[in-house]
Amino acid sequence: KMKFDDLPYSLTVKGVNLCLTNSCKPINLLFSTGKMNNETIEYVLNWLENNMSGPNILVGHYPLIEDHPIMRFRHKLWGHKQILAALKSKRIDLSLCGHVHHPHARLDKNGRGEIIIGSLTRNGCFALIEYDEKKDLFKYNKINVDD
């Protein structure tokens, strides 16, 4: 129902606040980078101010957390520092992203942090994310389709 031009876009589903972003703005053909522009940053920060109850999940293509910033120079997200700070301070409960083909999660004991979904066609697996409202806990499972 949506187009990339409609993003950023937010909605609430069963008490979970979702904010969908489009940061796929390559610099040139040799780089697989994205950029979170000022309009998107402002939208996400306003979304956070208006969603004080229920978990806040940010959905985007690029990971916010960089494991190896120097090595990832050609593949990173630019302009995201304020949003990363919101994730680290737990204003964003969960960041869901792709871009990296290997699925993995960087989560605390309550399931807060970032989940990289990965590539079903390349790795034969996908992420299953469950939320226990009573315990306020996210649970991540990597599901292999060949199992």
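Strand β1 (residues 9–13) and strand β2 (residues 16–20) run antiparallel and are joined by 5 bridges, strands here being DSSP runs of E with at least two residues, and helices runs of H or I with at least four, numbered from the N terminus; two strands pair if DSSP finds at least two bridges between them. Tyr9 has Leu20 of β2 as its bridge partner, and in the hairpin, which has 2 residues between the strands, Lys14 takes a positive phi near 50°. The model is a predicted one, in which local features need pLDDT of at least 70 and side-chain atom pairs count only at pLDDT 80 or more, whereas totals for chains, interfaces and linings use all residues. Residues are numbered from 1 along each chain as its sequence is written, and side-chain values use heavy atoms, with hydrogens and water left out.

In helix α2 (residues 81–88), the residues Ile83, Leu84, Ala86 and Leu87 are buried (under 20% relative accessible area, with exposed meaning over 50% and partly exposed in between; 1.4 Å probe, protein chains only). These residues lie on the same side of α2 because they cover an arc of only 155° around the axis, the arc being that of the directions from the helix axis to the C-beta atoms. The face turned away from this buried side carries the exposed residues Lys81 and Lys88. The buried residues of α2 pack against α1 (38–50), β4 (56–59), β6 (94–97) and β8 (113–116), contact meaning heavy atoms within 4.5 Å.

The largest nonpolar core (a set of buried Ala, Val, Leu, Ile, Met, Phe, Trp, Tyr and Cys residues joined through side-chain atoms within 4.5 Å) has 15 residues, and those with the most contacts inside it are Val44, Leu48, Leu58, Leu64, Ile83 and Ile92. The elements that give two or more residues to this core are α1 and α2. A second, separate core of 7 residues includes Val16, Ile57, Leu96 and Ala127.

Salt bridges (a side-chain nitrogen of Lys or Arg within 4 Å of a carboxyl oxygen of Asp or Glu) number 5 by this rule. Among them, Asp108 meets Lys90 at 2.8 Å, N to O, linking the loop between β7 (104–107) and β8 to the loop between α2 and β6, 18 residues apart. Arg112 meets Asp93 at 3.0 Å and Asp136 at 2.8 Å, so that salt bridges with shared partners join Asp93, Arg112 and Asp136 into one network. Within this network, Arg112 is buried at 9% relative accessibility and Asp93 at 10%, whereas Asp136 is partly exposed at 35%.
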